Amino acid sequence: MKIVVCIKQVPDTAGEVKFKPDGSLDRAAMKTIMNHDDKAGLEAALRLKEQYGAEVTVLTMGLPKAEDVLREAMAMGADKAILVTDRVLGGADTWATSTTLAGALRNLEYDLIITGRQAIDGDTAQVGPQISEHLGIPVISYAQKIEVEGDSVVVERQFEDRYHVVRAKMPCLITALAELNEPRYMTPGGIFDAYQKEITVWGRADLKDVLDSDLGLAGSPTKIAKASDKVRKGAGTKVADLGAAEAADYITNVLKEKFVI
């Protein structure tokens, strides 16, 4: 079995978020981590590897520094890593990103593609399903459990207060929830081995069956109108020296003034 896991290097939202003049994220200026849903997808692939002897390849599109999350993935147990990076790919929205990743995936053999449900820097949950559409393969989204039976995958798909059990023949794409599992830690030996492995680097010329007009910022049909950092909340109004009854009356009156109650 051959599994490809699409992972993304995303800004660490615990730190400062920075933007370029065009409104896109200034990824080069921020601390970054592996996207949480993607890490759960990687863990699922590694568990399938342990069960069935699968080969796990991790694929990412990003700046050259995205090599860091690929090394992390290999330190966790991935066998191969591919970085797709090129200036013409910068500023891509979900459509241009999925087009790029599909162009890279057409160069690979795969039985299963796993992506995260969504990335914390965009929260669209669009890229995984869009990749499946580009490649013409079935997709099962919001996976909370994955099993393989013969040439098919059986997935528990989260749905509001219940779940669906969905079966699909491979090749298939699955989008994983962060709740799917608890990702493993890197090991010292794994880290050492990861830095001995070579990362394959592809550019625009390596993408198969894609048009320039569908790539990067120029090929993105959605545009950012405005972007800002987290909204800072004010200190609020401080009221002291009130008894319990007076405090309750004060809060009630404020809520009435704001038409909350």
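**Close-up views of a predicted model**

**View 1. The cysteines stay unpaired.** The count of disulfides here comes to 0, in a model that is predicted rather than determined by experiment. A disulfide would be a covalent bond between the sulfur atoms of two cysteines. Cys6 is in no disulfide, and the nearest cysteine sulfur, that of Cys172, is 13 Å away. Cys172 is likewise in no disulfide, with the sulfur of Cys6 as its nearest, 13 Å away. Since a disulfide needs the two sulfur atoms within 2.5 Å, a gap of 13 Å rules this pair out. Are these two cysteines buried or exposed? Cys6 has 6% relative accessibility, so Cys6 counts as buried. Cys172 sits at 0%, so Cys172 counts as buried too.

**View 2. Nine strands line up in one open sheet.** Read across, the order is E9-E8-E7-E10-E6-E1-E4-E5-E11, and the pairing is mixed. Which strands sit at the edges? They are E9 (162-169) and E11 (200-202), each of which pairs on one side only. Going from one strand to its neighbour, the average turn is 30°, direction ignored. For an antiparallel stretch, look at E7 and E8 (residues 152-159), which pair over 6 bridges. Val154 in E8 is the bridge partner of Glu147.

**View 3. Strand E1 has parallel partners E4 and E6.** E1 is mostly covered, with 4 of its 5 residues buried. With E4, E1 pairs in the parallel sense over 5 bridges, and Cys6 has Leu59 of E4 as its bridge partner. E1 also runs parallel to E6, joined by 4 bridges. In that pairing, Ile3 stands opposite Leu112 of E6.

**View 4. Helix H1 meets helix H2.** H1 covers residues 36-52 and H2 covers residues 67-76; they pack at an angle of about 35°, with their axes 11 Å apart. The crossing is right-handed. Which residues make the contact? From H1 come Lys39, Leu42, Glu43 and Leu46, and from H2 come Glu72, Ala73 and Met76. Sorted by type, the residues of this contact are 4 nonpolar, no polar and 3 charged. H2 has another neighbour as well: H2 packs on the sheet, touching E4 (55-61) and E5 (80-84), and its direction makes about 165° with that of E5.

**View 5. Leu83 is tucked into strand E5.** Leu83 is found in E5. Its relative accessibility is 3%, which means it counts as buried. What does Leu83 touch, once its neighbours within four places in sequence are left aside? Its contacts include Thr60, Gly62, Leu63 and Pro64, as well as Glu67 and Leu70, and also Ile199, Thr200, Val201 and Trp202. Elsewhere along the chain is Lys208, 125 residues apart from Leu83, and their C-alpha atoms are separated by 15 Å.

**View 6. Helix H4 lies across four strands, E1, E6, E7 and E10.** H4 runs at about 175° to E10. Which residues of H4 (127-135) are buried? They are Gly128, Gln130, Ile131, Ser132 and Leu135. Those buried residues pack against strands E1 (2-6), E6 (112-116), E7 (139-149) and E10 (172-176), plus helix H3 (94-105). Just after H4 comes Gly136, with a positive phi of about 70°.

Methods:
Residues numbered from 1 in each chain as written. Predicted model: local features only at pLDDT ≥ 70, side-chain atom pairs only at ≥ 80, totals over all residues. Heavy atoms only, no water. Axes fitted to C-alpha atoms, helices over the stretch in contact; angles between N-to-C directions. Helix = DSSP H or I, 4+ residues; strand = E, 2+ residues; numbered from the N terminus. Left-handed = near helix turned anticlockwise from the far one by under 90°. Contact = heavy atoms within 4.5 Å. Nonpolar A, V, L, I, M, F, W, Y, C, P; charged D, E, K, R; others polar. Buried < 20%, exposed > 50% of the residue type's maximum accessible area, 1.4 Å probe, protein only. Pairing = 2+ DSSP bridges.
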